[in-house]
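Here are a few notes to read alongside the model. Have the viewer open as you go through the points.

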Amino acid sequence: MRQQLEEIRKNAEAALKATNSLEELDAARVKYLGKKGELTAVLKQMGGLSAEERPIIGQVANDVREYIQNELDERISELKAAQQEAKLLTETIDVTLPGEPCEVGNRHPLSIVLDEVKEIFQGMGFDIISGPEVELDYYNFEALNIPKDHPARDTQDTFYITDNILLRTQTSPCQIRAMEERKPPLRVISPGRVYRSDAVDATHSPLFHQIEGLVVDEGITMSDLKGTLDTLAKKLYGPETKTRFRPHHFPFTEPSCEVDVSCFKCGGVGCSMCKGEGWVEILGAGMVHPKVLKNGGIDPEKYSGFAFGLGLERLVMFRFGLDDMRMLYENDVRFLEQF
Ligand code: PHE
């Protein structure tokens, strides 16, 4: 029996060494140390031994079991270490590899042109201010010489919050706010969102953007207005650009005009962009009405001024040759990534 045990020890040792995975190792454990294993099978024969032999063989059997168990534990840690090593190898990160490029968005066409306009006016010494989109009727209409029953209100129907609070229909209320807050000489532009209850189509949206301009000082004349807007047109659309001032009417300017620029696409000959006119209208303007100066707390006897209102969407559409304004609001990346 001693020999049998010694045999088992040797075989087990060799078998454990030969294992290459924890599964194989477990199979070996069952084979040698398990309840139905080889060692147990030998121990079952112990009953046939003499009283003297029994403790001696028992001792040997225990030694063998302990020996195999130690070998087994050692092999377990070896295999686990090897497994860990292999895992680390497959999971190594090459920190010198270039990273995945992250996608950078584009500036929106409205922002591109707005930034240009801001820069042009900043170059002429204008400050950039802003006013509230939820506005009082007083600033949006009344103080701009548009009383409650004035027909000019019909063309600027908007969304009312109460009878006296509304979403502004134009950036012109910033004229009054600027005059209230500042003293002449005053040179400001005020870009922002405006609202009208218009149905959406290729050239209308209930939300769009305007850029208001206001200059007030002693001795400001219509030629200052023309020079400023002519400079804007040339900087925006190129030095060849011409401007045309057509008489118009706004309740808050007198005299008033609409300003066209020569079509930058055809140079004034007539094309699809200018609808054969050779000119495209970009803004409304005029000399600030004396009543409006007074409403802003400025003495019309001493000071005069000019104001203008640019439609940003129009500028953008002409600039990039867009024929449908809705593209500016739909957030279609295929459109936006072209800028
Ligand atoms: N607020 C006018 C509009 O929305 C434009 C304008 C601004 C006209 C300033 C004259 C002076 O049509």
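1. A term to start with: a salt bridge here is a side-chain nitrogen of Lys or Arg within 4 Å of a carboxyl oxygen of Asp or Glu. Asp332 and Arg334 fit that description, with their side chains meeting at 2.7 Å, N to O. Asp332 has a relative accessible area of 27%, so it counts as partly exposed. Its partner Arg334 is at 63%, and therefore counts as exposed.

2. There is also a linked set to look up. Glu6, Arg9, Glu13 and Lys17 belong to one network, joined by salt bridges that share partners. Across the whole structure, a search turns up 20 salt bridges. Keep in mind that this is a predicted model.

3. Now the overall layout. The domain assignment splits the protein into domain 1, residues 2-90, and domain 2, residues 109-336. How far apart do the C-alpha centres of domain 1 and domain 2 lie? The answer is 93 Å.

4. Have a look at Arg107 and Asp115 next. These two form a salt bridge, and their closest N and O atoms are 2.6 Å apart. Are the partners buried or exposed? Neither label fits: Asp115 is partly exposed, at 31% relative accessible area, and Arg107 is partly exposed too, at 47%.

5. Helix α8 has a salt bridge within it. Lys234 and Asp230 both sit in this helix, which covers residues 222-237. They are four residues apart, or about one turn of the helix. Their side chains meet in a salt bridge at 2.8 Å, N to O. With a relative accessible area of 30%, Lys234 is partly exposed. Asp230 comes in at 22%, and buried would mean under 20%, so Asp230 is partly exposed as well.

6. Last, a spot where negative charges collect. Which residues gather in a patch of negative charge on the surface? They are Asp154, Asp157, Asp198 and Asp201. To find Asp157, go to the loop between α6 (137-140) and β3 (165-167). Its relative accessibility is 43%, so Asp157 counts as partly exposed. Patch members need over 30% relative accessible area and no salt bridge, and the 43% of Asp157 is given above.

Notes: Residues are numbered from 1 along each chain as its sequence is written. This is a predicted model: local features need pLDDT of at least 70, side-chain atom pairs count only at pLDDT 80 or more; totals for chains, interfaces and linings use all residues. Side-chain values use heavy atoms; hydrogens and water are left out. Domain bounds come from an automatic or database domain assignment. Patches are made of residues with over 30% relative accessible area and no salt bridge: like charges are joined within 9 Å, nonpolar side chains (Val, Leu, Ile, Met, Phe, Trp, Tyr) within 5 Å. Accessible areas come from the Shrake-Rupley method with a 1.4 Å probe; for residues, only the protein chains shown count as cover. Lys and Arg count as positive and Asp and Glu as negative; His and the chain ends are not counted. The place of a charge is taken as NZ of Lys, CZ of Arg, CG of Asp or CD of Glu. Helices (H or I, at least four residues) and strands (E, at least two) are DSSP runs, numbered from the N terminus. Buried means under 20% relative accessible area, exposed over 50%, partly exposed in between (1.4 Å probe, protein chains only).
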